[in-house]
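Reader: I am in my first year of study and should be grateful for a close look at a single part of this protein. Could you take one strand and describe in a connected way what surrounds it?

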Amino acid sequence: MDTYKKLLLGNKAWVRDRLTAQANYFEKHADGQQPEFLWIGCSDSRVPAEDVTGAEPGELFVHRNIANLVVHTDLNMLSVLQYAVEALQIKHVIVCGHYNCGGVKNAMNRQDLGMLNTWLLHIKDLYRQNRRELETIEVEQARLDRLVELNVAEQVQNLAQTAVVQKAWQSESRPVLHGWVYDLRSGYIKEIATIRPGAKIDDIYSLEFLSQPAKD
């Protein structure tokens with residue numbers, strides 16, 4: 001059997017299981033979505049957002065890329081963020097990295113990876129900024145784990161610097177920003193960082209928004 005056909009058979013089995021548990025399961029979900037969470041995770045196939053959190057379809061709005069980066073020139077990520085915050089009214093944004101991340105690991109060496117070089121520069125910059133701490137860690141795995149954590153914390157800061165998040169903080173006191181790391185070795189999630197609406201960020205990143213003109 002072609003391997004892709006296993007996925008189609010799996011889909012049929014999944015549909016049967018859902019309908020057995022709840023006859024109107026798909027009708028209910030077809031009406032729309034109201035997720036409370038935006039998940040920005042790594043593309044790694046070992047970290048399926050719904051599975052590792054026990055969430056049901058419709059509970060997480062998901063964006064994934066290599067090494068779970070929040071890059072201010074990434075129109076794909078920014079579009080997802082704006083839609084999640086402004087249209088879906090999500091209350092929490094979660095950046096979730098994972099230990100043994102291939103993107104982070106490759107950013108720590110000098111191998112030429114073609115187009116990936118440019119993407120991983122963001123993590124190389126982070127390594128350079130934290131070189132003193134990282135190079136005091138003698139065990140390579142522990143150093144990689146720490147860079148994964150630093151990367152997640154940095155991406156949460158990057159979220160706080162966006163106009164989308166700052167506008168929502170000012171007008172509606174949401175969303176809360178979270179940085180998590182999933183441990184492939186144990187299955188557990190570790191909380192790394194939390195930034196709540198209105199938290200103090202560096203003045204250079206704090207934006208001032210013009211008031212809406214009064215209507216006649």
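Author: Strand 3, residues 92–98, is joined to strand 4 by seven bridges, and the two strands run parallel. One pair may serve as a landmark: valine 93 has leucine 177 of strand 4 as its bridge partner. The model in view is a predicted one, and strand 4 is the part of it that this answer follows.

Strand 4 itself covers residues 176–182. Are its residues buried or exposed? Seven of the seven are buried, and strand 4 is therefore largely enclosed by the rest of the structure. The cut-off behind that word is a relative accessible area under 20%. The side chains are divided between two directions: Val176, His178, Trp180 and Tyr182 point one way, while Leu177, Gly179 and Val181 point the other way, and all of them are buried.

Strand 3 repeats this pattern. Seven of its seven residues are buried, so strand 3 too is largely enclosed by the rest of the structure. His92, Ile94, Cys96 and His98 point one way from strand 3, and Val93, Val95 and Gly97 point the other way. Strand 3 also pairs with strand 1 (residues 37–42), in the parallel sense and over five bridges. In that pairing, tryptophan 39 is matched with isoleucine 94 of strand 3.

Strand 4 has a further partner in strand 5. These two strands pair in the antiparallel sense over six bridges, and tyrosine 182 has isoleucine 189 of strand 5 as its bridge partner. Strand 4 and strand 5 form a hairpin with six residues between the strands, where glycine 187 takes a positive phi near 90°.

What packs against strand 4 from among the helices? Helix 9, residues 163–172, has Val164, Val165, Gln166, Ala168 and Trp169 buried. The buried residues of helix 9 pack against strand 4 and strand 5 (189–195), and also against helix 4 (75–87) and helix 8 (140–160). Just after helix 9, serine 173 takes a positive phi of about 55°.

On the other side of helix 9 in the sequence is threonine 162, which lies in the loop between helix 8 and helix 9. Threonine 162 has a relative accessible area of 6% and is therefore buried, since buried means under 20%. Its side chain reaches the backbone oxygen of leucine 159 at 2.7 Å. Beyond its neighbours within four places in sequence, threonine 162 is in contact with His72, Leu78, Leu81 and Leu207.

The last of these names leads to the segment after strand 5, where leucine 207 is found. Leucine 207 is partly exposed, because its relative accessible area is 35%, a value in between the limits of 20% and 50%. Leaving aside neighbours within four places in sequence, leucine 207 is in contact with Gln161, Thr162, Ala163 and Gln166. Gln166 is also one of the buried residues of helix 9. A distance gives some sense of scale: leucine 207 and glycine 32 are 175 residues apart in sequence, and their C-alpha atoms are 33 Å apart in space.

Helix 8, against which helix 9 packs, also contributes to the largest pocket. Helix 8 and helix 6 (116–129) each supply at least two residues of the lining, and helix 6 gives the largest share, four residues. The pocket has a volume of about 230 Å³. It is lined by 13 residues, of which Val70, His122, Glu154, Gln155 and Asn158 lie nearest its centre. By character, the lining residues divide into five nonpolar, six polar and two charged.

It remains to set strand 4 within the whole. The protein has nine helices and five strands, and from the N terminus on its elements run α-α-β-α-β-α-β-α-α-α-α-α-β-β. Strand 4 and strand 5 are thus the pair of β symbols that ends this order. The C-alpha trace spans about 65 × 55 × 30 Å along its principal axes. Of the 216 residues in the protein, 38% are buried, and strand 4 contributes seven residues to that buried part. Among the contacts with a separation of 6 or more, 63% are between residues 24 or more positions apart.

Technical notes. Residues numbered from 1 in each chain as written. Predicted model: local features only at pLDDT ≥ 70, side-chain atom pairs only at ≥ 80, totals over all residues. Heavy atoms only, no water. Buried < 20%, exposed > 50% of the residue type's maximum accessible area, 1.4 Å probe, protein only. Contact = heavy atoms within 4.5 Å. Polar contact = N/O pair within 3.5 Å; in protein donor to acceptor, adjacent residues only side chain to side chain. Pairing = 2+ DSSP bridges. 1 Å grid on protein atoms, 1.4 Å probe; cavity = no way out; pocket = protein on both sides within 12 Å on 5 of 7 lines; lining within 4 Å. Points joined across faces, edges and corners; volume = space filled by probe spheres on them. Nonpolar A, V, L, I, M, F, W, Y, C, P; charged D, E, K, R; others polar.
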